[in-house]
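Work through the exercises below with the structure open. Try each task before reading its solution.

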Amino acid sequence: PMEELSIGGSRYFLLIKDDYSHFRTVYFMKNKSEVNQHVKEFILSAKTITGNKIKTVRSDNGLEFNNEEFKRILEEK
């Protein structure tokens, strides 16, 4: 967590980078539990934004990425 809250009251952020186009999106979050929703949003908008499909997902293997709901989201898409 960030030591100081952001202006909007967030303590965490999620940075998603498309390695092919180098497009980056940052989501500010009050709780780590918001990761799954933001990943869903990014997956839905990625083709429109970058013009490419997502083929591989890499993460730091944090618990917010290593859970059944996250795996289900990736399997659906």
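A pocket here is an open set of grid points where a 1.4 Å probe fits, with protein on both sides within 12 Å along at least five of seven lines. Its volume is the space filled by probe spheres set on the points. By that measure, the largest pocket has a volume of about 880 Å³. The model is a predicted one.

**Exercise 1. The fold**

Task: State which secondary structure elements the chain holds and in what order they come.

Solution.
- Step 1. Count the elements. The chain has two helices and two strands.
- Step 2. Read along the sequence. The pattern is β-β-α-α.
- Step 3. Take the extent. The C-alpha trace spans about 35 × 25 × 20 Å along its principal axes.
- Step 4. Take the burial. Of the 77 residues in the chain, 26% are buried.
- Step 5. Look at contact range. Take contacts between residues at least 6 apart in sequence: 30% of them join residues at least 24 apart.

**Exercise 2. The largest pocket**

Task: Describe the lining of the largest pocket: how many residues, from which elements, of which classes?

Solution.
- Step 1. The lining of the largest pocket has 33 residues.
- Step 2. Leu15, Ile16, Lys17, Val57 and Arg58 lie nearest the centre of this pocket. Three elements give two or more residues to its lining: β1 (12–17), α1 and α2 (68–76).
- Step 3. Sort the lining of the largest pocket by class. It holds 19 nonpolar, four polar and 10 charged residues.

**Exercise 3. The second largest pocket**

Task: Give the volume of the second largest pocket, and find the element with the largest share of its lining.

Solution.
- Step 1. The volume of the second largest pocket is about 190 Å³.
- Step 2. List the lining. It consists of Ile43, Ala46, Lys47, Asn52, Lys53, Ile54, Lys55, Val57, Leu74 and Lys77.
- Step 3. Helix α1 gives the largest share of this lining, three residues.
- Step 4. By class, the second largest pocket is lined by five nonpolar residues, one polar and four charged.
- Step 5. Look for overlap. Val57 is among the residues nearest the centre of the largest pocket, and Val57 also lines the second largest pocket.

**Exercise 4. The nonpolar core**

Task: Identify the members of the largest nonpolar core and the element that supplies the largest share.

Solution.
- Step 1. The core has 12 residues: Leu14, Ile16, Tyr27, Met29, Val35, Val39, Phe42, Ile43, Ala46, Phe65, Phe70 and Ile73.
- Step 2. Assign them to elements. β1, β2, α1 and α2 each supply at least two residues of this core.
- Step 3. The largest share of the core, five residues, comes from α1.

**Exercise 5. His38 and Thr25**

Task: Are His38 and Thr25 buried or exposed, and what does each touch?

Solution.
- Step 1. Place them. His38 is in helix α1 (residues 35–50). Thr25 is in strand β2 (residues 24–29).
- Step 2. Apply the cut-off: buried means under 20% relative accessible area. His38 has 12% relative accessibility, so His38 is buried. Thr25 has 15%, so Thr25 is buried too.
- Step 3. Leave aside neighbours within four places in sequence. His38 contacts Leu14, Tyr27, Phe28 and Met29. Under that same limit, Thr25 contacts Leu14, Leu15, Ile16 and Phe42.
- Step 4. Compare the two lists. Leu14 appears in both.

**Exercise 6. The aromatic pair**

Task: Find which residues form the aromatic pair, and classify the pair's geometry.

Solution.
- Step 1. The structure holds one aromatic pair. Its members are Phe65 and Phe70.
- Step 2. The centres are 5.5 Å apart, and the planes meet at 75 degrees.
- Step 3. Planes over 60 degrees apart count as edge-to-face, so that is the class.
- Step 4. Check the surroundings. Phe65 and Phe70 are both buried. Not counting residues up to four places away in sequence, Phe65 touches Leu14, Val35, Ser59, Asp60 and Phe70.

**Exercise 7. Positive phi**

Task: For His22 and Asn61, give phi, location and exposure.

Solution.
- Step 1. Phi of His22 is near 65 degrees. Phi of Asn61 is near 60 degrees. Each is a positive value in a residue other than glycine.
- Step 2. His22 lies in the loop between β1 and β2. Asn61 lies in the loop between α1 and α2.
- Step 3. Exposed means over 50% relative accessible area. His22 has 48%, so His22 counts as partly exposed. Asn61 has 59%, so Asn61 counts as exposed.

Definitions and conventions:
Residues numbered from 1 in each chain as written. Predicted model: local features only at pLDDT ≥ 70, side-chain atom pairs only at ≥ 80, totals over all residues. Heavy atoms only, no water. Helix = DSSP H or I, 4+ residues; strand = E, 2+ residues; numbered from the N terminus. Buried < 20%, exposed > 50% of the residue type's maximum accessible area, 1.4 Å probe, protein only. Contact = heavy atoms within 4.5 Å. 1 Å grid on protein atoms, 1.4 Å probe; cavity = no way out; pocket = protein on both sides within 12 Å on 5 of 7 lines; lining within 4 Å. Nonpolar A, V, L, I, M, F, W, Y, C, P; charged D, E, K, R; others polar. Core = buried A, V, L, I, M, F, W, Y, C linked by side-chain atoms within 4.5 Å. Phe/Tyr/Trp six-rings, centres within 6.5 Å; stacked < 30°, edge-to-face > 60°.
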